[in-house]
Amino acid sequence: MALIIPVIFIAVFTFSAIKKVNIYESFTDGITEAFKFTVSLLPCLAAVFMMCELFERSGLSDLLTKWLSPVFGLLGIPEELTKLVLIKPFSGSGSLAYLSRIIEAYGADSYVARCACVCFGSSETVFYISAVYFAGLKVKKLALPIVCVLVATLVSTILACLICRIM
Amino acid sequence: MNVIFTAVFISSMVALAICAPQDFLPALMQGGESAVKTALTLFTIYAVWMGLSKLCERSGISRGVARALRPAARKIFRTDDEAATESLAMNISCNLLGLGGAATPYAVKAIAELEKEGNSFAQKLLFVINATSIQILPTTVIALRAGAGSAAAADIFLPSLICTAVSTLLATGLFLAGNKLWR
């Protein structure tokens with residue numbers, strides 16, 4: 001398992017060398033894009049992290065969790081994940097903020113943190129993606145795909161919490 | 001996002017101003033600090049994988065992959081457009097490597113190409129696949145866990161794989177079924 005990533009890298013680098021691609025320049029160009037991308041992300045991250053911090057310290061988040069956790073509890077989702085699950089469809093940076101808080105608070109190897117990681121890794125920012133993808137296009141009837149995705153996301157979240165108990 | 005952001009921000013500010021006004025500014029600063037830390041972690045991951053994907057692009061690997069995937073793309077996405085297929089292939093490869101961020105530009109490109117074809121079925125299907133996240137390597141999560149001192153950062157690999165496969169298959173199945181029903 002641990003060999004997969006090194007093998008991918010060695011294969012790509014060797015092949016590129018054979019193809020006489022300027023490896024150093026290409027790799028650096030890729031990193032430049034990564035840098036630009038990270039920088040473009042930072043303002044959203046900062047704003048959302050500030051929101052999370054305020055929400056957390058004001059005690060409102062505890063209130064919301066208290067309201068909704070019985071519902072989530074019925075589905076087998078730990079109450080600590082309530083906020084993560086709620087914010088994930090809307091914002092990647094927001095859910096990332098909650099994920100890193102959960103990892104910090106409970107420890108990376110705790111049940112809650114592992115659960116959170118699996119939920120985070122197996123779902124996507126549905127509404128954000130639909131906004132980005134279909135901005136300015138004429139595609140209609142988006143309700144069906146969106147509902148399908150949301151149902152599947154809920155199922156996989158419940159499944160994630162179940163699997164993490166066993167594995 | 002704007003509506004949620006505004007609502008949460010204002011209600012939290014009011015609540016905090018009443019309960020603990022001295023915590024107000026520290027809370028904001030703390031948020032900014034965590035944002036910078038997270039961005040750094042993310043940059044290290046993106047740098048590695050986007051560097052590699054640039055190499056794939058320049059050495060023709062991604063074009064080769066796209067060509068190999070063309071028959072599959074024709075069947076699944078019902079498209080024959082070469083540029084669209086290449087973007088589709090890159091999008092799905094990035095997704096599989098857990099690079100949601102890097103995958104997005106390719107998806108947008110693919111959707112624009114498909115628009116020329118008038119292929120709204122493929123556009124929606126691509127959305128369903130992307131929105132349920134298909135990934136083999138949850139790179140972001142593994143990096144975050146490793147950064148937090150996990151003993152076995154990659155041990156969520158298998159559970160993630162099962163969940164993401166189930167959600168993608170389920171959503172695609174529902175979508176295809178619904179698409180047939182409502183036609």
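**An internal cavity in chain B and helix H3 of chain A**

The largest cavity has a volume of about 30 Å³. The model in which it was found is predicted. The count comes to 1 cavity of 30 Å³ or more. Its lining is formed by B:Arg63, B:Ala66, B:Arg67, B:Arg70, B:Glu82 and B:Glu86. Two elements each give two or more residues to this lining: helix H3 (61–76) and helix H4 (82–96) of chain B. H3(B) supplies the largest share, 4 residues. By class, 5 lining residues are charged, 1 is nonpolar and none is polar.

In chain A, attention turns to helix H3, which covers residues 60–74. Its 15 residues should span 21 Å at 1.5 Å a residue, and the end C-alpha atoms lie 22 Å apart, so the expected and computed spans agree. The helix nevertheless carries a kink of about 45° at A:Leu68. This kink falls shortly before the proline A:Pro70.

Several residues of H3(A) are buried: A:Ser61, A:Thr65, A:Ser69 and A:Phe72. The cover over the buried residues of H3(A) includes two further helices of chain A, H2 (23–57) and H4 (82–87). Just after H3(A), the backbone at A:Gly76 adopts a positive phi of about 85°.

Key
Residues are numbered from 1 along each chain as its sequence is written. Chains are lettered from A and ligands numbered from 1 in the order in which they are written. This is a predicted model: local features need pLDDT of at least 70, side-chain atom pairs count only at pLDDT 80 or more; totals for chains, interfaces and linings use all residues. Side-chain values use heavy atoms; hydrogens and water are left out. The expected span of a helix is 1.5 Å times one less than its number of residues. The bend at a residue is the angle between axes fitted to the seven residues ending there and the seven starting there. Buried means under 20% relative accessible area, exposed over 50%, partly exposed in between (1.4 Å probe, protein chains only). Contact means heavy atoms within 4.5 Å. On a 1 Å grid over the protein atoms alone, a cavity is a set of points where a 1.4 Å probe fits but cannot get out, and a pocket is an open set with protein on both sides within 12 Å along at least five of seven lines; lining residues have an atom within 4 Å of a point. Grid points are joined across faces, edges and corners, and a volume is the space filled by probe spheres set on the points. Ala, Val, Leu, Ile, Met, Phe, Trp, Tyr, Cys and Pro count as nonpolar, Asp, Glu, Lys and Arg as charged, and the others, Gly among them, as polar.
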